[in-house]
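Reader: Please take one part of this model and go through it closely. Give the terms with their cut-offs as you go, then move on to the other parts.

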Amino acid sequence: MTKVMFGATRRGLMLGAGAAAMGLALPRLAFAQDTIKIAGIYTVPVEQQWVSRIHIAAEAAKAAGGVDYTYTENVANTDYPRVMREYCESGVNLIVGEIFGAEAEAREVCAEYPDVKFLLGSSFMPDEAVPNLAVFDNYIQDASYLSGIIAGAMTQTGSIGMVGGFPIPEVNRLMNAFMGGVKETRPDAKFQVSFIGSWFDPPKAKETAFAMIDGGADLLYAERFGVSDAAKEKGVLAIGNVIDTQADYPETVVASALWHFEPTLNAALEAIRAGSFKADNYGVYSFMKAGGCSLAPLGTFEGKVPEAAMKLVAEKEAAIKDGSFTVAIDDNEPKSS
């Protein structure tokens with residue numbers, strides 16, 4: 001992988017999630033034998049949980065062959081369009097990333113380069129007027145719901161703290177799904193909900209979590225980095241989001257809702273090779289039945305979660321996968337109770 005530094009700073013405000021873009025500078029048939037050049041543009045470090053899933057999937061595609069991958073991290077929203085243009089001019093075929101804080105400007109760039117394909121995290125739907133831009137979002141509400149069932153069974157006080165980045169649809173739907181799962185095993189649960197106004201500020205997330213623990217929370221929903229650190233220091237439990245941090249917090253993180261970006265990226269690559277890439281909503285590839293999310297192994301908490309809760313998790317997971325049960329997608333901002 002080649003790491004390119006075109007711009008600097010971090011992820012932006014509302015409206016957002018991760019993204020990817022695809023460029024098709026060569027004739028369609030050439031993709032059968034030629035390498036697809038992918039560029040990732042990220043507003044935060046690739047270590048950040050959400051972006052890391054895109055990065056890992058792109059690295060896997062490169063390792064599988066037929067793909068070249070380069071990326072730029074810490075790109076300010078104001079600088080995002082410029083970095084997009086530089087990659088487009090360099091001859092990439094596909095651009096992936098997140099445009100939540102630069103929606104209008106980023107879509108203008110996509111329209112300027114019709115031969116480049118874009119797969120970008122966005123809170124808005126695709127536009128047929130920009131046929132080379134497909135969007136995705138973090139639809140892992142299935143796994144978040146299942147993690148909530150476990151959380152409800154593990155809290156002793158019924159008071160749960162939830163720390164998020166921004167109250168955007170992607171974050172809201174995961175929190176609401178988690179809360180719905182909690183209610184399955186702890187109907188009387190109460191929630192403290194707070195947003196720190198940043199996608200990557202572990203110290204602020206940690207301080208917010210400390211305040212929730214002081215307010216009675218004995219279990220935390222760690223949508224942001226920093227929350228599990230607070231839980232560890234105070235001896236309370238946590239539920240992870242997007243990545244599995246159980247090995248880092250073996251006595252703290254009970255379960256995590258994992259996001260797998262591979263189905264999304266692979267579908268886009270297949271469409272490019274087939275010459276069928278178009279403006280489309282790739283969010284469906286994050287659903288559990290598409291392999292886009294899962295519940296992480298319990299690790300050190302194996303056998304410590306009540307058997308009845310794990311039985312319910314298994315039943316609900318099977319129903320989600322066979323389509324007999326659907327986790328509600330609620331993008332409304334969750335509130336404290």
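Author: Start with α4 and α5. Helix α4 crosses α5 in the right-handed sense, meaning that the near helix is turned clockwise from the far one by less than a right angle (anticlockwise would be left-handed). The model is predicted: local features need pLDDT of at least 70, side-chain atom pairs count only at pLDDT 80 or more, and totals for chains, interfaces and linings use all residues. Residues are numbered from 1 along each chain as its sequence is written, and side-chain values use heavy atoms, without hydrogens or water.

α4 covers residues 141–154 and α5 covers residues 169–185. Helices (H or I, at least four residues) and strands (E, at least two) are DSSP runs, numbered from the N terminus. The axes of α4 and α5 come within 6 Å and cross at roughly 40 degrees. Axes are lines fitted to C-alpha atoms, for helices over the stretch in contact; angles run from 0 to 180 degrees between N-to-C directions. α4 and α5 are therefore oblique to each other. Angles under 35 degrees count as roughly parallel, over 145 as roughly antiparallel, 65 to 115 as roughly perpendicular, and the rest as oblique.

Now the contact itself (heavy atoms within 4.5 Å). From α4 come Q141, S144, Y145, S147, G148, I149, A151, G152 and A153. From α5 come R173, L174, A177, F178, G180, G181, V182, E184 and T185. By class, the contact of α4 with α5 has 8 nonpolar, 8 polar and 2 charged residues. Nonpolar covers Ala, Val, Leu, Ile, Met, Phe, Trp, Tyr, Cys and Pro; charged covers Asp, Glu, Lys and Arg; the others, Gly among them, are polar.

Step back along the chain. F166 sits in the loop between β8 and α5. F166 counts as buried because its relative accessibility is 7%. Buried means under 20% relative accessible area, exposed over 50%, partly exposed in between (1.4 Å probe, protein chains only). From F166 to K232 is 66 residues in sequence and 24 Å in space, C-alpha to C-alpha.

Strand β8 holds residues 159–164, and 6 of its 6 residues are buried. In a regular strand, side chains alternate between the two faces of the sheet. On one side of β8, S159, G161 and V163 are buried; on the other, I160, M162 and G164 are buried too. β8 runs parallel to β9 (residues 190–195), joined by 6 bridges. Pairing requires at least two DSSP bridges. S159 stands opposite K190 of β9.

Next, α6 (residues 202–214) and α7 (residues 227–234). Their axes lie 7 Å apart, at an angle of about 45 degrees. That makes α6 oblique to α7. The crossing of α6 and α7 is right-handed. A205, K206, A209, F210 and I213 of α6 meet V227, D229, A230, A231, E233 and K234 of α7. This contact has 7 nonpolar, no polar and 4 charged residues.

Then α1 (residues 49–64) with α8 (residues 262–274). Their axes come within 9 Å and cross at roughly 50 degrees. α1 and α8 cross in the right-handed sense. I56, A57, A58 and A61 of α1 touch E262, L265 and L269 of α8. The classes are 6 nonpolar, no polar and 1 charged.

Last, two backbone points. V242, in strand β11 (residues 237–242), is not a glycine, yet has a positive phi of about 75 degrees. V242 is buried, at 1% relative accessibility. N74 also has a positive phi, near 60 degrees, and is a residue other than glycine. N74 lies in the loop between β4 and α2 and is partly exposed at 24%.
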